[in-house]
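Biologist: Before we discuss this protein, please place its sequence and model on the screen. I shall then put my questions one at a time.

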Amino acid sequence: MTDQDEHSERARSAAAAAKYEKWKENGVLLRAFFYIAGTHLLAGFVWLLFMLGEHAEK
């Protein structure tokens, strides 16, 4: 293997690693968004139940 082939192989490997890291980063951000949004929706639903229970005729 020549020095040029070795250099291009390292460059491809580094590019693939960078792409994989970016893909993982996007996955983490997407997961965090859904967890935060889901938690807020659940909290809003619980708040709505308390509001409806407070105003219910007893």
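Biologist: How far apart are the mean positions of the positive and negative charges of the protein?

Modeller: This is a predicted model, and the answer is computed from its atoms. The protein carries 7 positive and 8 negative charges. The mean position of each set was taken, and the separation between the two is 2 Å.

Biologist: How many salt bridges does the structure hold, and which residues form them?

Modeller: A pair counts when a side-chain nitrogen of Lys or Arg is within 4 Å of a carboxyl oxygen of Asp or Glu. E9 and R12 satisfy this, with their closest N and O atoms 3.4 Å apart. E21 and K24 do so as well, at 3.5 Å from N to O. The total is therefore 2 salt bridges, given that cut-off of 4 Å.

Biologist: What is the spacing along the chain between E9 and R12, and between E21 and K24?

Modeller: E9 and R12 both belong to helix α1, and their spacing is about one turn of the helix. E21 and K24 also lie in helix α1, again about one turn of the helix from each other. For E9 and R12 the spacing is 3 residues, and for E21 and K24 it is 3 residues.

Biologist: Which of E9, R12, E21 and K24 counts as exposed rather than partly exposed?

Modeller: Exposed requires over 50% relative accessible area, and partly exposed covers the range from there down to 20%. E9 at 42%, E21 at 45% and K24 at 35% are therefore partly exposed. At 51%, the residue that counts as exposed is R12.

Biologist: How many helices and strands does the protein have, and why is it described as more spread out than a compact globule?

Modeller: The protein has 1 helix and 0 strands. For 58 residues the globule rule gives 10 Å, and the radius of gyration is well over that, so the protein is more spread out than a compact globule. Along the principal axes, the C-alpha atoms fill a box of roughly 85 × 10 × 5 Å. The radius of gyration behind this description is 25 Å.

Biologist: What is the separation in space between D5 and Y35?

Modeller: D5 is in helix α1 and is partly exposed, with a relative accessible area of 39%. Along the sequence, D5 and Y35 are 30 residues apart. From C-alpha to C-alpha, their separation in space is 45 Å.

Biologist: And what separates the C-alpha atoms of G38 and K58?

Modeller: G38 lies in helix α1 and is partly exposed at 35% relative accessible area. G38 and K58 are 20 residues apart along the chain. Their C-alpha atoms are separated by 32 Å.

Biologist: What percentage of the residues count as buried, and what share of the accessible surface belongs to carbon and sulfur atoms?

Modeller: A residue counts as buried under 20% relative accessible area, and the share of the 58 residues that does so is 0%. The accessible surface comes to about 5,700 Å². The share of this surface that belongs to carbon and sulfur atoms is 67%.

Biologist: What is the area of the nonpolar surface patch that includes L49?

Modeller: L49 is located in helix α1, which covers residues 3-54, and counts as partly exposed at 46% relative accessibility. The patch is made by L42, F45, V46, W47, L48, L49, F50 and L52. Its area is about 870 Å².

Terms used
Residues numbered from 1 in each chain as written. Predicted model: local features only at pLDDT ≥ 70, side-chain atom pairs only at ≥ 80, totals over all residues. Heavy atoms only, no water. Helix = DSSP H or I, 4+ residues; strand = E, 2+ residues; numbered from the N terminus. Rg over C-alpha atoms; globule rule 2.2 N^0.38 Å. Buried < 20%, exposed > 50% of the residue type's maximum accessible area, 1.4 Å probe, protein only. Areas by Shrake-Rupley, 256 points an atom, 1.4 Å probe, with all protein chains shown as cover. Lys, Arg positive; Asp, Glu negative; His and termini not counted. Charge placed at Lys NZ, Arg CZ, Asp CG, Glu CD. Patch = residues over 30% accessible without salt bridge, like charges linked within 9 Å, V, L, I, M, F, W, Y side chains within 5 Å.
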